[in-house]
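Here are my notes on the model you sent round. I've gone through the backbone oddities and then the packing.

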Amino acid sequence: MRIAIDAMGGDLAPEEAVRGVLEAAAEWPDTKLVLVGNEGRVKPLLAGQAPPNVELRHASETIGADEEPVRAVRRKKDASMVVAARMVKEGEADAMLSAGNTGALMTAGLLVVGRIPGVDRPALAQTIPSADDVGVLALDLGANVDARPEHLHMYAVMGSLYRQLVHGMERPRVGLLNIGTEEGKGSELAKEAFALLSGEAGIRFTGNVEARDVLQRACDVLVCDGFSGNVMLKSFEGAAALIMGEVKQAFTKNLLTRLAAAVMMPGLRGLRRKMDYKEYGGAPLLGLSGVVVKCHGSSDARAFRNGIRQARDAVRHGLIRAIADHISGKEGSGG
């Protein structure tokens, strides 16, 4: 198995990408990891410590966070992200991941890697932490701002397959993000999507889910349009940062609170891990004809390592073939 890593994408590139790759290389020696990026910046970081399953592919250009996605992908043919996507397209890599410009990665996925036949809109899927540590796979979280009912139906199909194959869930529950749990609630999009999902025998649809219940794992797969999903995700991230900041401030006020913090440290570390996006690695772009994983823009080495784990799991379980076979009516023949 070969996985291409965009070494130049993200706020902490290339140092954290290289560190994450080296950690992953030690953990999974059976996987070839290809760092794609500027040789002059990446090679010194590998000096004297690159194991046999790590290699470097030079790419002379980088797509910045503020660049217009379509223009950047079309003009920068030798950008690290584009080169990694081309490796997937041409079969040189089984998967790729990047912490770079989300819009550019989506564009590279569409224009370079390509879609699975029958998928109109790929979706950004991410596991949101839950109280029971199982997590909720939510999609779409921002790949497409607008959506039609049939798009949400496809998100449900792809999300269910991902949960079954990669996470080992036998019959994942699918919920539809809405402003109320009752049937008939919400926008026209939500109502029409509800009707489609209710009539799909291959999906275990359990109805509408309110955002406040997501963290309690009211469902295993949460379906939503990209605008609503992204707003929800950013709200959760902001709330988590606020809570952890307030907890830290409360426990460092004086000697007594610092002593209390020392006693509670194991529990506090567990809470921090539960709320930390780095534990989940990244968000796969489901619906593309290759495994493409989007890591958070501020990903550190741990996030890159976990993103590589995600990519490995998706490849090992034949996710792309399973989705393609399901769409083409050949359920059960993939994997």
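Helices (H or I, at least four residues) and strands (E, at least two) are DSSP runs here, numbered from the N terminus. This is a predicted model: local features need pLDDT of at least 70, side-chain atom pairs count only at pLDDT 80 or more, and totals for chains, interfaces and linings use all residues. Residues are numbered from 1 along each chain as its sequence is written, and side-chain values use heavy atoms, with hydrogens and water left out.

1. Have a look at P14, in the loop between β1 (2-6) and α1 (15-27). The peptide bond leading into P14 from A13 is cis, with omega near -5°.

2. L139 and D140 are also joined by a cis peptide bond, omega about 10°. D140 sits in the loop between β7 (136-139) and α6.

3. Two non-glycine residues have positive phi: D133 at about 70° and R217 at about 55°. D133 is in the loop between β6 (126-128) and β7, and R217 is in the one between β9 (204-209) and β10 (221-223). D133 counts as exposed (over 50% relative accessible area, 1.4 Å probe, protein chains only; buried is under 20%, partly exposed in between), with 52%. R217 is partly exposed at 21%.

4. On packing, the largest nonpolar core (buried Ala, Val, Leu, Ile, Met, Phe, Trp, Tyr and Cys joined through side-chain atoms within 4.5 Å) has 55 residues, and I5, L33, L35, L176 and I308 touch the most other members. Helix α6 (residues 149-166) gives the largest share, 9 residues. Apart from this core lies another of 28 residues, including A72 and L285.
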